[in-house]
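Biologist: Before I rely on any label attached to this model, I should like to hear the criterion behind it. Shall we take the terms in turn?

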Amino acid sequence: MSAPRIDTEARQGLTMVSPPLIYAVLVLAAPLATILAYSFFRDGYLEVIHEFTFENYRAVLSDPVFHKILLRSLWVALAVTAATVLLAFPVAYFLSFVVPPERKALWIFLITIPFWTSYLIRVFLWKVILGHNGVINATLTGIGVIDEPLSFLLFNVQAMVITLAHAYAPFAILPIYVALEKIDRSLLEAGRDLGESRLMTFWRVTLPLAMPGVIAASLIVFIPTIGDYVTPELIGGGKIPMIANMVQKQMLALDNRPLGSAVAVTAMLIVAILSILFLLLNRRFLRVRS
């Protein structure tokens, strides 16, 4: 292949890549760079003083409130990830191994129906279900199981986990389903031919081969969950803030954009480290699978 032809193909490829690359830089990279720059500035009275300093990061890392909220955010995100994956795996398994091939498209279509409604609407629906006069309390009171509405259904961490697990369930089902679909069925037949039970075949063959999808689903759920803002406000009643709520308070309520930026950058770094660990674990399972 001649050099001019290579240059022409390179220019064509660059032309195709340029629009999404410019879009990504403007929409993603530029705001992140702005937040990073602000985290090294000083906060003045109703203004930002453009002087380089590490004081914001010192304040964040030494703040016990930040430590508490960060640990709560990590715990909620891990709980939501575990609950979502545990609930999504049986659905994905049923869809891959039980549903006839000609009906799988219909099932995938039904699974994606929650995407048709706004995330905010789905959160409000759970508030209606779990509220003091909500569906659950009204039903239990109506059939005489309880005399007074239950007060522990809403405005707690458990309600937040339930809401987030429901909201992100499709994100977990689809990657697990794709991983299960890629499993060579002859491997499962070979395991049963060697005398393994269905349970042991699942444990020794199906589950290890599906782990890349499980890890991908965990990562897809974990990252947006730890930065969720709406659910702690509505389902938690604003009394159980997570890291995104802390950023909002610093940025808007307290008008301390440098400190809010430092909180955001620190949280992003922690999430990035955890995400890299997920990816390394995924690569390990991919090597085992190959």
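Modeller: Of the 290 residues in the protein chain, buried residues make up 38%. Buried means under 20% relative accessible area, exposed over 50%, and partly exposed in between, with a 1.4 Å probe and protein chains only. This is a predicted model, in which local features need pLDDT of at least 70 and side-chain atom pairs count only at pLDDT 80 or more, while totals for chains, interfaces and linings use all residues. Residues are numbered from 1 along each chain as its sequence is written, and side-chain values use heavy atoms, with hydrogens and water left out.

Biologist: What makes phenylalanine 40 and phenylalanine 52 a stacked pair?

Modeller: Rings of Phe, Tyr and Trp (its six-membered ring) pair if their centres lie within 6.5 Å; planes under 30 degrees apart count as stacked, over 60 as edge-to-face and the rest as tilted. The search of the whole structure finds 11 aromatic pairs. For phenylalanine 40 and phenylalanine 52 the centres are 5.1 Å apart and the planes stand at 10°, so the pair is stacked.

Biologist: Which parts of the chain does this pair tie together?

Modeller: Phenylalanine 40 lies in the loop between helix H1 (3–38) and strand E1 (42–44), and phenylalanine 52 in the loop between strand E2 (47–49) and helix H2 (55–61), so parts 12 residues apart in sequence are tied together. Helices (H or I, at least four residues) and strands (E, at least two) are DSSP runs, numbered from the N terminus. Ring pairs also link Phe40, Phe52, Phe54 and Tyr57 into a cluster.

Biologist: Is phenylalanine 40 buried or exposed, and is phenylalanine 52 buried or exposed?

Modeller: Phenylalanine 40 has a relative accessible area of 19% and is therefore buried. Phenylalanine 52, at 59%, is exposed.

Biologist: Why is the pair of tyrosine 168 and phenylalanine 171 called tilted?

Modeller: The angle between their planes is 45°, with 5.6 Å centre to centre; tilted is the class for planes that are neither stacked nor edge-to-face, so the name follows. Tyrosine 168 is buried at 11%, and phenylalanine 171 counts as partly exposed at 32%.

Biologist: How do you know that lysine 104 and glutamate 181 form a salt bridge?

Modeller: A salt bridge is a side-chain nitrogen of Lys or Arg within 4 Å of a carboxyl oxygen of Asp or Glu. The closest N and O atoms of lysine 104 and glutamate 181 are 3.0 Å apart, so the pair qualifies. Lysine 104 lies in helix H4 (residues 101–111) and glutamate 181 in helix H8 (residues 169–181), so the bridge ties together parts 77 residues apart in sequence. Lysine 104 counts as buried at 12% relative accessibility, and glutamate 181 as partly exposed at 32%.

Biologist: What links Lys104, Glu181 and Arg185?

Modeller: They are linked in a network of salt bridges. Arginine 185 meets glutamate 181 at 3.6 Å, N to O, and arginine 185 is partly exposed, with a relative accessible area of 28%.

Biologist: Over which ring does the charged end of arginine 185 sit?

Modeller: It sits over the ring of phenylalanine 97, 4.1 Å from the centre. A charge sits over a ring if NZ of Lys or CZ of Arg is within 6 Å of the ring centre and within 35 degrees of the ring normal.
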